[in-house]
Amino acid sequence: MQDWWMMGQTGAEPPAQARRLTWRQAGEVALARFAIRVLRMLGPVRASNVTGGLCRAVGPLLPVTRVAEANLRAALPELDAAARRRVIRDMWESLGRTAGELPHLAGLPQNNAPGPGWEMVGEEHLLAQAARGGPAVFVSAHIGNWEMLPAAAAAYGLPFSSVYRPGANPALDEVVLELRRGAIGENLPMFPKGSKGARAAVVHLARKGYLGMLVDQKMNDGIEARLFGLKAMTAPAAAALAVRFGCPIIPGRVLRIGPARFRMVCDTPLTPPASGNQQADVAALTQTINDHLERWIRERPHEWLWLHRRFPKEVTQAVAS
């Protein structure tokens, strides 16, 4: 039987952690640790406001913003130029806030009071999963402050390991992973994208663990699905793992309702189909996940990260012309 969970997961392995750092990489780590100290001194609200304002001012001027413009034209053609500019400015602000809030996630309380913290909608799904036990796959997207999701799940007894895209600087990766593990409150394994990480994720689920994946990026060697009615090459790993283990997929997202203030939304878990045709089941579940993503993005387009090249170039070029 073909291992469909491996599709989109066969890229190059991350750099070895033991590799000697270059002066540039060491400088990046030192700068990151200095920025974290400054952000912690500012407190969650001021840190969110400062980084959000900075990115709102600078981000729209960067060349990568052209990717966001092309994606918006293709996915939401009903928006005029002024509306697209507003979405892009708000997107950059949300991205900046996400970065500024990261050092503070471990200290944000769960409450319904104004100010820093978070609240949960759909907690009955999490409580039921915690009572049932693993394995389970959590899926989300780069919406709101997606970094808050692991901490929120852990608060319900569902700490999940995440699949992440490693950068060129392994020491800088470790700085970010330290913050993520601190927010969860556990030293969980994290799985870099690639064949080695994919195999480790399978073992983790086989041991009844929980796995989290952001599933909104383009994967050239994935499978073709639809997003906003457009062709979108999509990584099938989340669906394939759920089909393989017969475990639920739990869709969740983060809505930003203020500086360092979030509303977590857990949707009804998705039960993987079991028709006996693995390939068809994976394709159907992958499309269902994309349908969830599209609904979320349409509701709050300014909070999705439009900077990824999500659609084939010929699609965005055709819209632009």
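Tutor: A residue counts as buried when its relative accessible area is under 20%, as exposed when that area is over 50%, and as partly exposed in between. Keep in mind that this is a predicted model.

Student: Is E303 buried or exposed by that rule?

Tutor: E303 has a relative accessible area of 5%, so it is buried. Its place is in the loop between helix 10 and helix 11 (313-320).

Student: Which residues are in contact with E303, leaving aside its neighbours within four places in sequence?

Tutor: S94, H142, I143, G144, V254, L255 and R256 are in contact with E303 once those neighbours are set aside.

Student: How do I apply the rule to a whole helix? How many residues of helix 9 are buried?

Tutor: Take the residues one by one and count. Helix 9 covers residues 237-245, and 7 of its 9 residues are buried, so that the helix is mostly covered. The buried ones are A237, A238, A239, A240, L241, A242 and V243.

Student: What do these buried residues pack against?

Tutor: They pack against strand 2 (136-140), helix 8 (195-206), strand 5 (210-214), strand 8 and helix 10. After helix 9 comes G246, with a positive phi near 60°.

Student: How do I read a pair of strands? Which way do strand 6 and strand 7 run?

Tutor: Two strands pair if at least two bridges are found between them. Here, strand 6 (residues 218-227) is joined to strand 7 by 6 bridges, and the two run antiparallel. One of the pairings is that of L227 with L230 in strand 7.

Student: What lies between the two strands?

Tutor: They form a hairpin with 2 residues between them, and F228 in that turn has a positive phi of about 60°.

Student: Why is strand 7 called largely enclosed?

Tutor: Strand 7 spans residues 230-234, and 4 of these 5 residues are buried, so the rest of the structure largely encloses it.

Student: Next, cysteines. How many disulfides does the structure hold?

Tutor: A disulfide needs two cysteine sulfur atoms within 2.5 Å. The structure holds 0 disulfides.

Student: Why does C247 not form a bond with C266?

Tutor: The closest cysteine sulfur to that of C247 is in C266, 14 Å away, which is too far for a bond. Seen from C266, the closest cysteine sulfur is that of C247. C247 is buried, at 2% relative accessibility, and C266 is buried as well, with a relative accessible area of 8%.

Student: How do I recognise a salt bridge, and how many are there in the whole structure?

Tutor: Look for a side-chain nitrogen of Lys or Arg within 4 Å of a carboxyl oxygen of Asp or Glu. A search of the whole structure finds 19 salt bridges. In one of them, R298 pairs with E78, and the closest N and O atoms are 3.7 Å apart.

Student: Which parts does the pair of R298 and E78 tie together?

Tutor: R298 is in helix 10 (residues 278-299), while E78 is in the loop between helix 3 (65-75) and helix 4 (81-101), so the pair links parts that are 220 residues apart in sequence. R298 is partly exposed, at 39% relative accessibility, whereas E78 is exposed, at 55%.

Student: What about a pair within one helix, such as R97 and E93?

Tutor: In general, an α-helix has 3.6 residues a turn, so residues three or four places apart point the same way. R97 and E93 are 4 residues apart in helix 4, which means that about one helical turn separates them. They form a salt bridge, with the closest N and O atoms 3.1 Å apart. Both R97 and E93 are buried.

Student: Where do E299 and R253 lie?

Tutor: The side chains of E299 and R253 meet in a salt bridge of 2.9 Å, N to O. E299 lies in helix 10 and R253 in strand 8 (residues 249-258), so this pair ties together parts 46 residues apart in sequence. E299 is partly exposed, with a relative accessible area of 45%, while R253 is buried, at 6%.

Student: Which residues do salt bridges with shared partners join into one network?

Tutor: That network consists of R56, D90, E93 and R97.

Student: Last, the surface. Which residues make the nonpolar patch?

Tutor: L54, V58, L62 and V64 make a nonpolar surface patch of about 310 Å². Of these, V58 lies in helix 2 (residues 44-58). V58 has 39% relative accessibility and so counts as partly exposed.

Notes. Residues numbered from 1 in each chain as written. Predicted model: local features only at pLDDT ≥ 70, side-chain atom pairs only at ≥ 80, totals over all residues. Heavy atoms only, no water. Patch = residues over 30% accessible without salt bridge, like charges linked within 9 Å, V, L, I, M, F, W, Y side chains within 5 Å. Areas by Shrake-Rupley, 256 points an atom, 1.4 Å probe, with all protein chains shown as cover. Buried < 20%, exposed > 50% of the residue type's maximum accessible area, 1.4 Å probe, protein only. Contact = heavy atoms within 4.5 Å.
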